[in-house]
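The following exercises concern strand pairing, helix packing and burial. Each task is followed by a worked solution.

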Amino acid sequence: MKELLISADVAPPLVGTVIHDVRVPSRLDLKPELIDTLVELLVGAGQINEDERQWLVLVLDEAVVNAMLHGNEGDPRLDIHVRLATQPDGWSLQIDDQGHGFSADAIPNIDDPESLLLEHGRGIRLMREWLDSLTYHRGGASILMRRRRCTPGGDSHAV
Amino acid sequence: MPCEHLIIQAYDGIVLAQITKPRLLEAPVINAIGAELLLLPERHMKISLILDMEMVEYLSSAMLGKMVAIYKGVKLSKGRMALGGVKASMMPLFKTTQLDKLMEFFPTSKDAIMFYKRKPL
């Protein structure tokens, strides 16, 4: 698996039309509604089919939890900023937290047999498995994910 | 108080834990299920634990981590652990995270029970 990109720079501008732009306090009780909204927007825009819903929910859950709990350390006074953009052939989601980011060294390599029994550190791997692109910016305080649009038959095509 | 998201049955040295909550994403749910399941290896030495996943539709990495914790508890009690009825669409999560190498998987919990009955510890 390729090395995770964590850049000090701000994320590049979202490509396409921003269809959702919201700031949410770092409260996990607000997470289900946020995720449901994003899922319905992507399904409604024909970007995601029902077969992909399971993965999408997982990826959004990981990203939102990381931003709220690790980035903002669960401080409800701090917001996460969520922006979703679509274009004809795919979608992009950017989530910014108000934390200080993280180091790639903090993420265990789960291919290492000694890491197999760790009880954490699998979220980013799962996200990278399904997304076409996952990059971190502002030292890790901003996540940018991209995925190509699904095709009606269930497969996705390249962006 | 027993966890409302689990139905646990024990017979012939085999413990079957059926997870009844389809979405394993929220921390209170994951923690409640984990707390109850982590007690099982303490109560049953050499436990043969089967997690029935048939009703589960969504799970997070936090739940995968909890499964690893339960697995470690089971191994400490010299027991074994299997997952039954994991949806085909969910198997990539276990493969991607290498957990398919750690735990035993069966198409259904019934298959796991039959296998464990044939090969008692």
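**Exercise 1. Determine how the hairpin from S2(A) to S3(A) is connected, and describe the pairing and burial of S3(A).**

Step 1. S2(A) is joined to S3(A) by a hairpin through two residues. Helices (H or I, at least four residues) and strands (E, at least two) are DSSP runs numbered from the N terminus. The model is predicted: local features need pLDDT of at least 70, side-chain atom pairs count only at pLDDT 80 or more, and totals for chains, interfaces and linings use all residues. Residues are numbered from 1 along each chain as its sequence is written, while chains are lettered from A and ligands numbered from 1 in the order in which they are written.

Step 2. The pairing of S2(A) with S3(A) is antiparallel, over seven bridges; two strands pair if DSSP finds at least two bridges between them. The bridge partner of A:Arg83 in S3(A) is A:Gln94.

Step 3. S3(A) also pairs with S5(A) in the antiparallel sense, over seven bridges, and A:Trp91 stands opposite A:Arg147 in S5(A).

Step 4. Seven of the seven residues of S3(A) are buried. A residue is buried if 20 or more other C-beta atoms lie within 10 Å of its own, exposed if 12 or fewer, and partly exposed in between, with C-beta atoms placed from the backbone. A:Trp91, A:Leu93 and A:Ile95 point one way from the strand, and A:Gly90, A:Ser92, A:Gln94 and A:Asp96 the other way.

**Exercise 2. Place the strands of the chain A sheet in order, and identify those at its edges.**

Step 1. The order is S1-S2-S3-S5-S4 in an open sheet of five strands, with antiparallel pairing.

Step 2. Strand S1 (17-25) and S4 of chain A are at the edges, each with a single partner strand, so one side of each has no neighbour in the sheet.

Step 3. On average, neighbouring strands of this sheet are turned by 15 degrees against each other, direction ignored. Axes are lines fitted to C-alpha atoms, for helices over the stretch in contact, and angles run from 0 to 180 degrees between N-to-C directions.

Step 4. Edge strand S4 (residues 133-137) of chain A runs antiparallel to strand S5 (residues 142-148) of chain A, with five bridges joining them. A:Ser133 stands opposite A:Arg146, and A:His137 stands opposite A:Ser142. Four residues lie between the two strands of this hairpin, and A:Arg138 in the turn has a positive phi of about 50 degrees.

Step 5. Helix H1 (residues 31-44) of chain A lies across S1, strand S2 (79-87) and strand S3 (90-96) of chain A, at about 175 degrees to S1(A).

**Exercise 3. Describe the sheet of chain B and the helices that lie across it.**

Step 1. Chain B has four helices and seven strands, in the pattern β-β-β-α-β-β-α-β-α-β-α along the sequence.

Step 2. Five of the strands form an open sheet of mixed pairing, in the order S1-S2-S4-S6-S7. Strand S1 (6-11) and strand S7 (104-106) of chain B stand at its edges. Neighbouring strands here are turned by 20 degrees against each other on average, direction ignored.

Step 3. Strand S6 (residues 80-84) of chain B and S7(B) run parallel and are joined by three bridges; B:Gly84 has B:Phe106 as its bridge partner.

Step 4. Helix H1 (residues 27-43) of chain B lies across S1, strand S2 (14-19) and strand S4 (48-52) of chain B, at about 175 degrees to S2(B). Helix H4 (residues 109-118) of chain B lies across S2, S4, S6 and S7 of chain B, at about 170 degrees to S4(B).

**Exercise 4. Characterise H2(B) and its part in the side of chain B that touches chain A.**

Step 1. Helix H2 (residues 61-76) of chain B has 16 residues and reaches 23 Å from its first C-alpha to its last, close to the expected 22 Å. The expected span is 1.5 Å times one less than the number of residues.

Step 2. Of the 16 residues of H2(B), 12 are buried, so the helix is largely enclosed by the rest of the structure. Among them are B:Met63, B:Leu64, B:Met67 and B:Tyr71. Just after the helix, B:Lys78 has a positive phi of about 65 degrees.

Step 3. In all, 19 residues of chain B are in contact with 16 residues of chain A, contact being defined by C-beta atoms, placed from the backbone, within 7 Å. H2(B) gives the most to the side of chain B that touches chain A, with six residues.

Conventions
Contact = placed C-beta atoms within 7 Å.
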